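Please read the following report beside the sequence and the model. It deals in turn with the contact between chains, a helix pair and two sheets.

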Amino acid sequence: MTLLLAAFDPPYWLSTLIKVVVVSAVVPTTALILGMVFLFKIMSWMQSRLGPQEAGPRGTLQLLADGVKFLQKEDISPNGADRWVFKVAPLVVLMSTLLLYVALPTSMRLVVADLDVGVFFVLAVSSLSVIGVLMAGWASANKYSLMGALRAAGQLIAYELPMVLAVVGVIIQAGTMSLNGIVFAQADGSIFGWGGIGFPYILTQFVGFFIFIAAVQAELTQPPFDMPVAESEIVSGYQVEYTGFRFLIFFLAEFATAFAFAAIAAVLFLGGWAVPWLPTSSDWYYVLGPIVLFAKVMVVAFIIFWVRFTYPRFREDQLQSLAWKVLIPLALLNIVVTAVFKVVL
Amino acid sequence: MTAVSDPQSVAALAAEAVDNRVNLDFETEGMTLNMGPQHPATHGTLRIIARLDGEQVISAEPMCGYMHRGYEKLTEVRTYPQINALINRIDWLGSFANEVPFILAAEKLMGVEAPPRAQWIRTILFEMSRIANISLFLGDFGLQLGGMTALFYAFRDREWVLNQIESATGGRFHPNFDRIGGLKDDLPKGWIESSHTAMDKLLAFCDEIEDLLVGNEIFQARTRGIGVIPAEIALSYGLSGANLRASGVDWDLRRDNCPPGLVYDKADWKVWTHPDGDCFARTWVRLQETREAAKIVKQLLDTIPSGPVMAKVPRIIKVPEGEAYVATENPLGEMGYYVVSKGDLVPFRVKIRSASFNNISVVPWVARGAYVPDLISILGSLYFILGDIDR
């Protein structure tokens, strides 16, 4: 079967169609998986409660039931709202998420578009979501929404920088900005001449990994960086006026983005879809690649959600000073050290 | 320390603190934000009218009364045992503690004293309701600051206390167990041993919360130096309970002015104070108080005397003419009942002094110059129960 897949070379229109269908199917699926596994099961396990039990075997279909419930709800837009902007805003947020999946490699050829500047593209489109958030907050004509949106804008801008700078170390080490190229560089690398497990960059770029995960938390507006949606003070911020499927889209976008960022972290720092002892040219990766990447994503997502369920949230100014005074200098230092070693070794 | 009795010095102190706290360097167009009556941070139906400059609070005014149930008026048409069931609903998280000061006031008027065993059990249940109340605060304050997990741990371990209260009194939240002259029933079999187990679980829970929440760096960043209430201000606004002790005032009615009928002097315990007066101090004092309460319960369980739990009182209770005020140190602070009797089946007038009403009166002072997230820290750490504010 793997050989069949390797020989499969569809015409342009068919490959485009397949890509569109696959991406639009994968995005909600990943959100569902993360929501079910982490938001329901792992969270209730960490908080010593049972979690959903009734819908489906051991409550696994609860999120589907919730999704159907959201679809049944009335689509309300507030009286004073800028109706057009209000309705488009969730789609802008979702679009940014969909674009993230375009550059995500699940094996050598199983990728929608293998861009030469994949890292750059991913980081660029991920910050598009802030436009949707600002639109949602402004158009809702609600004070809580407005405060949430402005907090989100400030936070996303502040954390975009450490995120980019954290990745620069990896780019220097790999010598390429292509996500597949980074996977190859890690799989073919060696630690002091020993190539047993390749060279996952987390071994040298652990500072970058830490900064990247922290910035991802902030981009996703998850605790401890969830000031923009703090439900105990500004009542979910920019989402406060949304109902029904538009709220569902925000929810989908949040969790699908979490999955995409976890996948990017897995590609950049954990070796992506490659496993040791199996050369990257192997045809087995048509089947194995997505599975391996999924396993690594779950590991990274566990870290992200573990932090989410444990920590209280920072205040907005503390959050800004963490980004500008700690993470950015640390990331710059990391770049300098990486560059020095790159030149010396 | 300035004299508290001097209103001018207090006013000057307040003005000075307020001027320093509000930062008007980046003054923008103001915005009025109505927090509540339906808002997750207000535990019910408190409304806070906050005047904001950006994220900075220029003034915050609490509006209460959305849940007013007219208890003081209702007491005038109910007999004393009926009132007992009513006032359970004032502070609904530590219900038994509401009954005790009222019953003690009635006992004082009638000149009855409960037998020693009843006094012991009263004190034990009083402290258990304190634990039930404050352990939920420790989790809930975490939720206010975004740490959701602590709340579920608090709910889980509060069950231990609620189960004990239920097995002794029959009611998980509203025991209605205290009677004029004693208690409704004696303790069930094996209750003392199971209470020891429950208190051990609660002490372990306090350690867990200290690890998870109070010791957390983000939690400390959110609470240390936030919402500082100096001792003079705390006293002048009539704060009581842990809010007052967190401002460094060593004042506890259980030790300083314990009414007859409660046996706090029979246990060895400590009143904790904290000099800072900020949100962290209030949390920390409450955490220590929960531990002390568990210790008091454990000691009293060991020394509980035998005997009847009910003194001889007439079947139909008529309280002789007179006035009495009895206040106890409830989970939220000083709670007192001023009972005026005309020798009738029902009291002529009952004034309820509940702690939360006075505790939130300091919000306009302390919230000035704070940021909106700090307002949540302040409200959370002042810890009010809506039923205790509005009655």
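How many residues of chain A are in contact with how many residues of chain B? In this predicted model, 23 residues of chain A are in contact with 26 residues of chain B, where contact requires C-beta atoms, placed from the backbone, to lie within 7 Å. On the side of chain A that touches chain B, the elements giving two or more residues are helix H11 (285–310) and helix H12 (316–344) of chain A, helices being DSSP runs (H or I, at least four residues) and strands likewise (E, at least two), numbered from the N terminus. By class, that side of chain A holds 10 nonpolar, 5 polar and 8 charged residues; Ala, Val, Leu, Ile, Met, Phe, Trp, Tyr, Cys and Pro count as nonpolar, Asp, Glu, Lys and Arg as charged, and the others, Gly among them, as polar.

This is a predicted model, in which local features need pLDDT of at least 70 and side-chain atom pairs count only at pLDDT 80 or more, while totals for chains, interfaces and linings use all residues. Residues are numbered from 1 along each chain as its sequence is written, and chains are lettered from A and ligands numbered from 1 in the order in which they are written.

Helix H11 of chain A also meets helix H2 (residues 12–46) of chain A, their axes coming within 11 Å and crossing at roughly 50 degrees; axes are lines fitted to C-alpha atoms, for helices over the stretch in contact, and angles run from 0 to 180 degrees between N-to-C directions. The contact is made by Leu34(A), Phe38(A), Ile42(A), Met43(A) and Met46(A) of H2(A) together with Ala301(A), Phe305(A) and Phe309(A) of H11(A), and by class it has 8 nonpolar, no polar and no charged residues.

Chain B contains two open sheets with antiparallel pairing, a pair of strands being accepted if DSSP finds at least two bridges between them.

| Strand order (chain B) | Average twist from one strand to the next |
|---|---|
| S1-S2-S3 | 20 degrees |
| S6-S7-S8 | 10 degrees |

In the sheet S1-S2-S3, strand S2 (residues 47–53) of chain B is joined to S3(B) by 7 bridges, and Asp53(B) has Gln56(B) in S3(B) as its bridge partner. In the sheet S6-S7-S8, strand S7 (residues 333–341) of chain B pairs with S8(B) over 5 bridges, with Tyr338(B) opposite Lys351(B) in S8(B). Helix H4 (residues 95–110) of chain B lies across S6 and S7 of chain B, running at about 150 degrees to S6(B).

Terms used. Two residues are in contact if their C-beta atoms, placed from the backbone, lie within 7 Å.
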